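Colleague: I should be grateful for a close look at a single strand and its partners. Please describe how that part is paired and how far it is covered.

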Amino acid sequence: MNRLLLLIFLLMGTGTAAQQVQLEISHVLASQPMQLQTAVYTNAAGDTFNITLFKYYLSNFSLIAADGRKTALQPAWFLVSEDNAASKKILLPQCPEGEYTQLSFMIGVDSVLNFSGPQDGVLDPLHGMFWTWNSGYIMAKLEGTSPSSRLPNHMLQFHIGGYRAPHVTQRMVTLTLPSPLLTGPQYKPRVMLQADAMIWFNGDYKISFRQMAGFMTPGTPADRIADNYQHMFSVKKIVSQ
Amino acid sequence: MFRKATYILIAFCLWLWIIGRDRHVLTAHSPAVEYYQLKLPDSLPPPVYDFKNNPLTKQGIALGRRLFYDPKLSLDSSVSCGFCHQQFAAFGHFDHAVSHGVLGRTGNRSVPALFNLIWQKDFMWDGGVNHLDIQPLTPITDENEMGMDLGALIKRLQGNATYRKLFKEAYGTEEVTSQRLFKALSQFMVTMISFESKYDSVIRREPGVTFTAEEQGGYRTFTQKCASCHKPPFFTDYSIRNNGLPYLPSMNDVGRMRITNNTADYLKFKVPSLRNVLVSAPYMHDGRFFDIFQVFAMYNHGQQKGNTIDPLVKNGIPLTEKEKRQLYMFLNTLTDKKFLTNKELSELLITD
């Protein structure tokens with residue numbers, strides 16, 4: 001009898017224990033912090049520009065141990081937006097107790113959710129991250145202005161999406177952690193991530209705003225920009241409390 | 001002792017079950033709904049639409065019908081879905097080449113007729129929309145159609161007492177969400193089923209119903225010359241093809257290529273159903289033909305044969321005057337008067 005009760009308590013315990021990892025994301029452009037509207041940046045092509053909007057989806061988080069064993073966390077989707085401080089803090093709940101050396105996640109939304117009808121929460125189309133005329137999520141969005149842009153009002157509009165072959169824009173990111181990440185009831189780790197938006201334009205595929213100041217459909221330039229921003233994340237440090 | 005343990009175990013299982021149930025947000029509050037069984041002829045292939053994700057209820061359909069006919073879904077409360085999708089035109093837009101929208105704006109494509117949508121995989125003339133439930137997002141938010149911001153629409157509906165009541169009846173709580181809105185619209189639209197034409201009666205060998213000689217002749221021509229794309233029983237194979245319709249520089253509509261960025265899809269558009277075709281003029285993606293005989297003439301001698309023209313029509317479709325007349329007579333048997341006058345689908349006058 002007592003053993004049965006114990007078993008029940010144990011089961012309840014594993015379901016509710018707060019073994020969380022907190023991710024805190026900051027956005028920069030090369031060495032400068034991201035500041036919407038006011039700050040002026042210069043890309044490798046020499047175009048000056050500012051940023052008015054920067055947001056993207058993250059999903060499919062996994063923790064990887066030193067022996068390579070990968071633990072997929074429960075499915076969750078996050079919409080990170082520069083103008084929303086709360087969105088830059090991501091709480092990963094129910095991380096199994098352990099020691100991990102790598103963190104991996106997807107930039108974007110799983111293909112199946114792109115053709116499964118309207119979703120809710122951060123995937124609700126009212127967040128402006130779903131194309132209406134060509135169904136599918138905008139995985140990442142960067143808007144701003146640049147004197148080099150030939151679009152109306154010199155705008156920059158990069159809406160990166162596409163889930164159907166050959167134009168697939170979800171990208172997996174695997175980050176090696178600077179020190180082991182310990183999870184368990186006694187830990188409350190915080191992982192400080194940085195995303196460098198300059199890589200959108202200065203990665204392997206260079207963008208000059210004179211030639212391309214926007215791209216808003218699935219297509220090869222979107223694929224290449226996704227290849228670029230796949231490398232925008234780095235881990236600054238891990239804080240354990 | 002053993003009995004006590006059993007009780008605890010049962011209580012625990014019950015608790016697990018309740019916890020598990022709460023995770024399904026849509027069913028968390030189970031409203032007292034009456035489920036609705038769609039009546040479909042037996043001979044049809046299974047629908048593409050997955051009813052498991054949106055089980056039909058009388059309350060859901062009623063909410064969807066009200067939303068469909070409510071001009072409040074548009075920016076200036078002037079245009080409802082039913083404004084362009086008129087029942088007597090098989091939910092197409094009678095006598096309008098291209099769609100009309102708020103503030104006197106016009107779109108650049110013809111309003112498609114709506115029926116038998118549960119067998120359709122993708123939507124719009126270029127197949128760009130991939131799910132029935134997400135389809136209304138396009139006309140609602142398009143600035144040339146209903147021009148409405150989705151967030152503002154949710155707030156507007158949430159502020160309306162009638163909608164709070166109807167959402168509660170359909171979903172158990174008064175909360176208006178875009179997902180609930182879209183699913184309710186689908187609930188109404190999937191009830192637009194059209195299989196009650198004279199053609200259907202003839203095929204089902206209903207007593208006393210036969211084709212006239214002219215209709216029979218038209219059926220023969222149709223089977224020989226049209227049915228590979230306009231395939232029964234839906235009178236479309238739901239494919240996307242270039243039928244040879246000449247490109248209009250003033251419209252500059254490249255069709256499916258806009259969706260795929262693939263030049264092989266240049267000037268390809270969805271094959272529309274021929275059911276109710278004679279009541280749903282004008283024709284083609286840009287509504288350029290107001291008379292079905294203009295369509296016959298296009299296939300007979302008016303095509304533009306570009307690289308992407310479909311192999312099935314690349315040599316045109318020669319039609320004699322007699323064949324055209326008989327084809328017209330046959331197409332007339334595809335008009336489903338019961339569907340066009342079905343009271344359960346008819347317009348609601350909404351004043352609050």
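Modeller: In this predicted model, strands β1(A) and β2(A), the latter comprising residues 32-33 of chain A, pair in the antiparallel sense over two bridges. Within that pairing, Pro33(A) of β2(A) is the residue opposite Val28(A). The two strands form a hairpin with two residues between them. In the turn, Ala30(A) has a positive phi of about 50 degrees.

The strand in question, β1(A), covers residues 21-29 of chain A. It has further partners beyond the hairpin. One of them is strand β7(A), residues 89-92, which runs antiparallel to β1(A) and is joined to it by four bridges. Here Gln22(A) has Leu91(A) of β7(A) as its bridge partner. Another is strand β15(A), residues 190-196, which is parallel to β1(A) and connected to it by seven bridges. In that pairing, Val191(A) of β15(A) stands opposite Leu23(A).

As to covering, β1(A) is mostly covered, for seven of its nine residues are buried. On the direction of side chains, a general remark applies: in a regular strand they alternate between the two faces of the sheet.

Taken together, β1(A) pairs in the antiparallel sense with β2(A), runs antiparallel to β7(A) and runs parallel to β15(A).

Notes
Residues numbered from 1 in each chain as written. Chains lettered and ligands numbered in written order. Predicted model: local features only at pLDDT ≥ 70, side-chain atom pairs only at ≥ 80, totals over all residues. Heavy atoms only, no water. Buried < 20%, exposed > 50% of the residue type's maximum accessible area, 1.4 Å probe, protein only. Pairing = 2+ DSSP bridges.
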